[in-house]
Amino acid sequence: MAYRSMRRPRNAKMSERAAPKQVFIGTYGCQMNVYDSERMRDVLAPLGYAMVGEPDNADLVILNTCHIREKATEKVYSEIGRLRAHKDRRAGEGKGMTIAIAGCVAQAEGEEIMRRAPEVDLVVGPQAYHKLPELIARAARKSGERLAANFSAQEKFDALPARAPDGVTAFLSIQEGCDKFCTFCVVPYTRGAEFSRPFAGVLAEARALADRGVREITLLGQNVNAYHGAGGLGFADLLERLARIEGIARLRYMTSHPAEMSDDLIALHGAEPKLMPYLHLPVQSGSDRILKAMNRKHDGAYYRDVVARLRAVRSDIALSTDFIVGFPGESEKDYGDSEQLAREVGFASAFSFKYSPRPGTPAALMRGQIDEAVKNERLARLQAVLGEQQRSFNDGQIGRILPVLVAGRGRAPGQKHGRSPYLQAVHFESGAVRNGEIVPVRIIGASQNSLTGSTAALEVA
Ligand code: 5AD
Ligand code: SF4
């Protein structure tokens, strides 16, 4: 997966003038990393770092890395190799380039990175981003000093500055880490034990986002619905409180675990209109035998039941999921059970992956590792089913009027783009609508990844 580079925040102009230092942040992997990269940008802005879209001439390059599958990790080492050439060239021009590796690869393989890649100056784990200014200053003062840092999740949340969102939607991280120990997954090792941010801090950050014009908040956590505040307050309680914040029109959350879909959370999907009718609920497999070997803590029947209960309270709820194919011991019948579950549930969108053995995880040592060719073939078959479901879900929107949160200008003059309740990108013709408004849009076209339409204000007036 390619990294994403970030746009400059709107408020970067002043600091650019004051000290034209350039930082490039490349982000790999999940939304947690996207959120963390934004926070790193916010921490560095007061030091005069302006964001740039390419690493080639940056004074500081941060790679915010992902360790979830082997491919993601390999990308980091090949990107470091590419950066080496730029660092050498800049050294020839009498300029420096500080290279920092952040994220889960930094956490899991910090020492190895230092050994394998001498051009890396800093390794910083996901809990230590608030220390970046100090680490960078030390690295710059004493060239050649190489640093590694890691701290607790609580310290990080307390120390990071207020957010500077650059749009009408924002992520808000409320929970980190995981105690579930699915046998294929590195997260419990890289992100550590489950940690929930205190209620008050989350509410304060959400209010601050609302004050700055944010209308839609996506709560983030590796196991977001395992969130627990003090005094027995749970995730549904938090959502309820957040929904009371004026200005916040839409709430979402990811990634949730099926076993943590509590009764009150399911009920809230029926009762709280600000909770969007779209839920990412990873299932991983449709085979009970494989789910057990994965230590998923749920079987296929339980998953189907959760979906049925959600649909009973909110009939228009759409689901997305993650599947892994080729887990050790997966037979053709087990694979077939995954395909069967997909067909029964009908997903609006889905991610599917080939099982990738990760060092230190139990599944990597299991017997019955599956041939790469078999994995490829099963992945292709499953993706054909899931791709067809996504297309038909999007096609099903044609003719409907959807409330779209306006996020910015569209592709052509006079066009806008925004998001449907189902997180689809919508490009539409419109009159005078402002970013942050929620407007009715009649959908006239659909592709696998987006919708087109035009405002339908008069028709619904
Ligand atoms: N191999 C393949 N896919 C994995 N995932 C997590 N670990 C692995 C692995 N070892 C997938 C799961 C998870 C998503 C974020 O990544 O489907 O839900
Ligand atoms: Fe990984 Fe399982 Fe935890 Fe999700 S629930 S982060 S897949 S261990």
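How many helices and strands does the protein have? In this predicted model, the count comes to 15 helices and 20 strands. The protein contains 461 residues, and buried residues make up 54% of them. Its accessible surface amounts to about 19400 Å², with carbon and sulfur atoms contributing 53% of that area. Turning to contacts, among those in the protein with a separation of 6 or more, 73% link residues that lie 24 or more positions apart.

A good place to look next is the interior. In soluble globular proteins, nonpolar side chains tend to be buried together. Here, the largest nonpolar core holds 49 residues, and the members that touch the most others within it are Leu 219 and Tyr 253. Leaving aside residues up to four places away in sequence, Leu 219 touches Leu 172, Ile 174, Val 224, Phe 235, Leu 239, Leu 242, Arg 252, Tyr 253 and Met 254. Tyr 253 is thus one of the residues that Leu 219 touches. A second core, separate from this one, is made up of 22 residues, including Ala 58, Val 76, Tyr 77 and Ile 99.

One glycine is also worth a visit on the way through the model. Gly 336 sits in helix 13, which spans residues 332–345. Is Gly 336 buried or partly exposed? Its relative accessibility is 28%, so Gly 336 counts as partly exposed, given that buried means under 20% and exposed over 50%. Along the chain, Gly 336 and Leu 382 are 46 residues apart, and their C-alpha atoms are separated by 9.3 Å.

Conventions
Residues numbered from 1 in each chain as written. Chains lettered and ligands numbered in written order. Predicted model: local features only at pLDDT ≥ 70, side-chain atom pairs only at ≥ 80, totals over all residues. Heavy atoms only, no water. Core = buried A, V, L, I, M, F, W, Y, C linked by side-chain atoms within 4.5 Å. Buried < 20%, exposed > 50% of the residue type's maximum accessible area, 1.4 Å probe, protein only. Contact = heavy atoms within 4.5 Å. Helix = DSSP H or I, 4+ residues; strand = E, 2+ residues; numbered from the N terminus. Areas by Shrake-Rupley, 256 points an atom, 1.4 Å probe, with all protein chains shown as cover.
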